[in-house]
Amino acid sequence: MIAPSVASVRLVAPWAEWNTRFTDGRRVLETGTFALTEGAIAAGCRFFAGYPITPATEIAEHMSKRLPQVGGYYVQAEDELAGVHMCAGASLAGLKAMSASSGPGYTLMHDAYGWAVANEVPLVIVDAMRVGPVSGITGAPGQGEFYIARYCSHGGNIESLVLSPDSVQETYWLTIDALNLAERFRTVVTILTDQVISDMQEDLFLPRSADDLAEIVVPRRHNTEMPFYPQGSDAIDVAPNVVGQGTGVCVSAYTHTPEGYDIEEMEAHWDQSIRLINKIRRHREELLRYEAVGLDDADVIVVAYGATARTAKTAVLRARRAGVRAGFLRLITLWPFPDELFTRDVPYVVCELNYDGQLVREVQRAAPARDRVHFMGKSAELHTVEEVLRALDGVVKGQGIPAMPYIWTEVR
Amino acid sequence: MANRLVEKYLRPSQIPTKACHGCGIGMIENWILQAIDELGWSREDVVFITGIGCVGRQTYATWGGDNVGATHGRALAVATGLKVAQPDKKYVVVVGDGDAAAIGTSHLIHAARRNLGVTVICEDNMGYESTGGQFSPTTPAGYVMNSSPYGMVEPSFDPCDIVKAAGATFVAEYTAVQWLQTKKAIKKALQNDGFSFVHVRFQCNENFGAYALGTRDTVANIQWIEDHTRGVDRDGRPTEFTWETGIKHDASNSRPEFSRLLRDLNTRVAAGNGRGGHG
Amino acid sequence: MTRFRHLVYSGCTVPLFEPAKAKKQLPPSDKWSVTVEKNFCKACRFCIDVCPVDVFRWSTEVNTIGWFPIEVAHEANCVGCMLCYQVCPDFVINVEPKKTKAPREGAA
């Protein structure tokens with residue numbers, strides 16, 4: 001319950017409206033992985049190729065059951081790298097495609113990720129993060145791929161689209177949104193979820209049939225003529241290319257011409273970079289999604305995303321009821337990083353599930369005063385409401401975050 | 001006027017290819033095009049999928065229809081997605097020994113296991129020539145290459161054995177002096193609704209020839225290929241090894257093709273007989 | 001199986017003005033059309049080496065990709081063995097029956 005004294009509450013995301021628009025359906029108690037699968041299928045995904053890994057395994061299992069029911073195809077790839085390449089091939093041939101993994105598998109996907117981004121192939125990749133490094137603790141949550149998701153390919157010269165849900169219902173809508181954005185931007189959209197959101201069971205509303213969603217789902221179209229790659233242009237809503245209809249398109253990861261064959265000229269390289277970077281940067285306003293509580297009058301703002309944001313939000317609301325003017329900012333779009341949300345010159349407390357500090361560095365970069373950004377790192381377990389309250393208390397009093405067991409506050 | 005297949009099938013801006021003079025890649029591509037021509041297929045019917053390295057790079061975008069140049073070793077993974085999503089096109093996967101027998105062997109094995117309906121032309125110059133001539137898993141044992149200056153100590157293998165063991169339904173091996181047999185094998189391979197693998201060893205002058213054989217002379221290097229195909233050199237002396245060429249396995253059209261398996265599953269599920277187990 | 005005439009070279013890979021060795025001399029039949037695209041040729045010399053009847057010679061004009069290419073010297077000698085067509089790595093050569101009878105298109 002939100003106390004009446006809170007100044008402003010807002011959710012900036014397409015589903016702020018979708019939640020109220022679609023009311024004819026059923027409610028189930030289900031997991032985040034179930035919601036993700038259903039959202040993908042509702043948005044038209046008809047191909048999944050992946051490899052089992054905790055906590056994303058259930059996505060593969062659900063897909064293996066649901067896709068044949070809707071005339072789609074599930075391929076269990078021999079490894080995650082093959083899986084994403086298969087998805088890219090299927091997308092090029094005309095099917096909306098998705099893959100899903102966790103950190104150890106996600107890190108294998110990078111070559112394919114870059115190939116798809118460079119060739120403007122629409123794809124959605126899900127990373128259900130768990131604690132690291134590497135295999136870590138199998139059943140514990142983490143948020144260690146914040147930067148990898150942005151820099152998910154070698155060689156630079158790309159921008160990335162990364163979204164993160166914080167509830168089972170939001171996972172459903174966000175997956176539809178991700179597939180839509182993949183079509184509109186002709187790129188790979190990464191969904192960074194985590195073990196908690198994937199495995200937890202919550203109330204989930206499902207529209208009666210996928211046809212009801214036709215007005216919000218971006219359909220697959222195909223571009224059959226030159227230019228296959230409008231190099232030098234930042235336009236979005238360009239139809240994806242298609243292989244197998246004899247258009248003569250060439251698809252490869254070399255620097256390429258508008259026709260797609262490889263060329264070793266500076267002009268082509270420059271034009272391609274403009275396209276891949278600016279098509280996302282110049283449309284940031286289409287991509288901004290976040291949730292905020294009391295941002296406009298807060299004396300201290302807690303920043304978090306994913307499962308971490310749940311306890312952080314509760315702490316902020318409780319602090320408000322106790323008279324502390326705390327604010328809460330939950331990022332849904334992680335990349336392109338929303339610098340424009342950090343204009344207020346107040347202390348920030350950044351809660352994230354890692355000890356090396358990733359999100360906090362971006363907040364330090366974007367906020368007006370770097371030394372007013374406090375890091376509250378925890379790993380393998382969610383921050384408790386009490387811990388966040390104690391942190392808020394310390395920061396408001398100007399003493400910084402007090403020492404607490406398993407809480408990391410140093411950023412170097 | 002050039003070879004008449006250029007106008008029929010190739011992309012003019014990409015010819016002449018980037019291959020070195022005397023390289024076998026263009027020869028084999030000529031035979032692939034003849035096979036396609038004799039089967040009566042058009043540009044729109046066939047998609048060329050290539051890998052990284054000389055074979056992939058020099059072939060990529062030469063085909064006048066659709067081309068897909070995958071990352072190193074992953075041509076078969078991309079081919080799997082393409083074939084499942086769009087099964088009625090013909091997919092010709094042109095990869096080198098590095099792409100197929102080193103970095104991409106896992107995907108080669110699984111594509112063969114699944115009996116994916118593509119035709120893989122593995123053009124083998126027995127080394128990583130594009131990066132200057134390092135040895136590869138198909139370099140003859142003991143040969144000196146840029147990364148085996150004392151002679152290659154690793155054993156090598158024949159990728160034909162691997163795909164056959166994994167379940168390929170058509171496997172053939174020839175060399176660059178066997179144009180007629182290779183073309184016939186490619187035609188058969190293209191008509192197999194299943195996984196076809198045609199392995200063609202060929203000469204490299206700039207790197208393999210220079211470092212392993214001691215010459216960049218084009219005729220000498222293709223002569224070396226001929227000698228080891230026949231098993232004797234020009235003076236009648238037996239060569240130290242001979243490649244066994246021929247159609248090694250032909251079970252064409254005997255097993256269901258992978259995309260067919262998935263479609264049949266969907267039909268069964270739609271009819272209500274697909275369900276099994278829990279849920 | 002194709003056969004390559006083995007000629008001993010001392011390692012020179014650009015045989016400028018290499019005279020063709022003595023080949024079989026048949027009376028010219030003039031049944032075959034042999035054309036080349038000079039600007040595709042990279043002077044690998046397989047065609048000159050394999051042709052049994054002296055159809056080709058080296059050109060003395062460099063082509064647009066920097067090689068001295070082959071050219072057709074005695075088209076009338078061609079017997080239609082197609083070895084040059086099959087051995088060329090660069091799609092340079094076209095060999096077809098002359099249009100006195102209907103050309104074969106994509107025979108199986």
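Which residue of β2(B) does Val251(A) stand opposite? Val251(A) faces Val68(B), and we'll come back to that spot once we've got our bearings. Residues are numbered from 1 along each chain as its sequence is written, while chains are lettered from A and ligands numbered from 1 in the order in which they are written. What you're looking at is a predicted model, where local features need pLDDT of at least 70, side-chain atom pairs count only at pLDDT 80 or more, and totals for chains, interfaces and linings use all residues.

Let's start with who touches whom. Two residues are in contact here if their C-beta atoms, placed from the backbone, lie within 7 Å. There are 2 pairs of chains in contact, and chains A and B share the most contacts. Chains A and C have no contact between them; their closest C-alpha atoms are 17 Å apart.

Now for the place where A meets B. Chain B puts in 34 residues and chain A 38 residues. On the chain B side, at least two residues each come from β2, α4, α6 (105–114) and α11 (258–270). Those labels are DSSP runs numbered from the N terminus: helices are H or I with at least four residues, strands are E with at least two. The most generous contributor to the side of chain B that touches chain A is α4(B), with 8 residues. Sorted by class, that side of chain B has 14 nonpolar, 15 polar and 5 charged residues. In this scheme Ala, Val, Leu, Ile, Met, Phe, Trp, Tyr, Cys and Pro count as nonpolar, Asp, Glu, Lys and Arg as charged, and the others, Gly among them, as polar.

Since α4(B) gives the most, have a look at its partner. Helix α4 (residues 80–92) of chain A packs on helix α4 (residues 75–85) of chain B at an angle of about 40°, and their axes are 6 Å apart. Axes are lines fitted to C-alpha atoms, for helices over the stretch in contact, and angles run from 0 to 180 degrees between N-to-C directions. So α4(A) and α4(B) are oblique to each other: angles under 35 degrees count as roughly parallel, over 145 as roughly antiparallel, 65 to 115 as roughly perpendicular and the rest as oblique. Among the residues that meet are His85(A), Met86(A) and Leu92(A) from α4(A), and Val78(B), Leu82(B) and Val84(B) from α4(B). The residues of this helix contact split into 12 nonpolar, 4 polar and no charged.

Back to the opening pair. The strands β10(A) and β2(B) run parallel and are joined by 3 bridges; strands count as paired if DSSP finds at least two bridges between them. Val251(A) and Val68(B) are the opposite residues mentioned at the start.

On to the other interface, between B and C. It takes 32 residues from chain B and 30 residues from chain C. On the chain B side, α1 (4–9), α2 (25–38) and α10 (218–230) are the elements giving two or more residues. The largest share of that side, 6 residues, comes from α10(B).

Within chain A, find the open sheet of 6 strands, ordered β1-β11-β13-β12-β15-β16 with mixed pairing. Its edge strands are β1 (9–12) and β16 (373–377) of chain A, each pairing on one side only. Inside the sheet, β12 (residues 300–304) and β15 (residues 348–352) of chain A pair in the parallel sense over 3 bridges, and Ile301(A) stands opposite Tyr348(A) in β15(A). Helix α12 (residues 308–321) of chain A packs on the sheet, touching β11 (290–293), β12, β13 (326–331) and β15 of chain A. Helix α13 (residues 359–366) of chain A lies across β12, β15 and β16 of chain A, at about 160° to β15(A).

Finally, some backbone oddities. Most residues other than glycine have a negative phi, and most peptide bonds are trans. Asp237(A), though not a glycine, has a positive phi of about 60°, and Ala61(B) has one near 70°. Asp237(A) counts as exposed because it has 11 C-beta neighbours inside 10 Å, whereas Ala61(B), with 29, counts as buried. The cut-offs are 20 or more other C-beta atoms within 10 Å for buried, 12 or fewer for exposed, and partly exposed in between, with C-beta atoms placed from the backbone. As for cis peptide bonds, one runs from Trp335(A) to Pro336(A) and another from Ile15(B) to Pro16(B).
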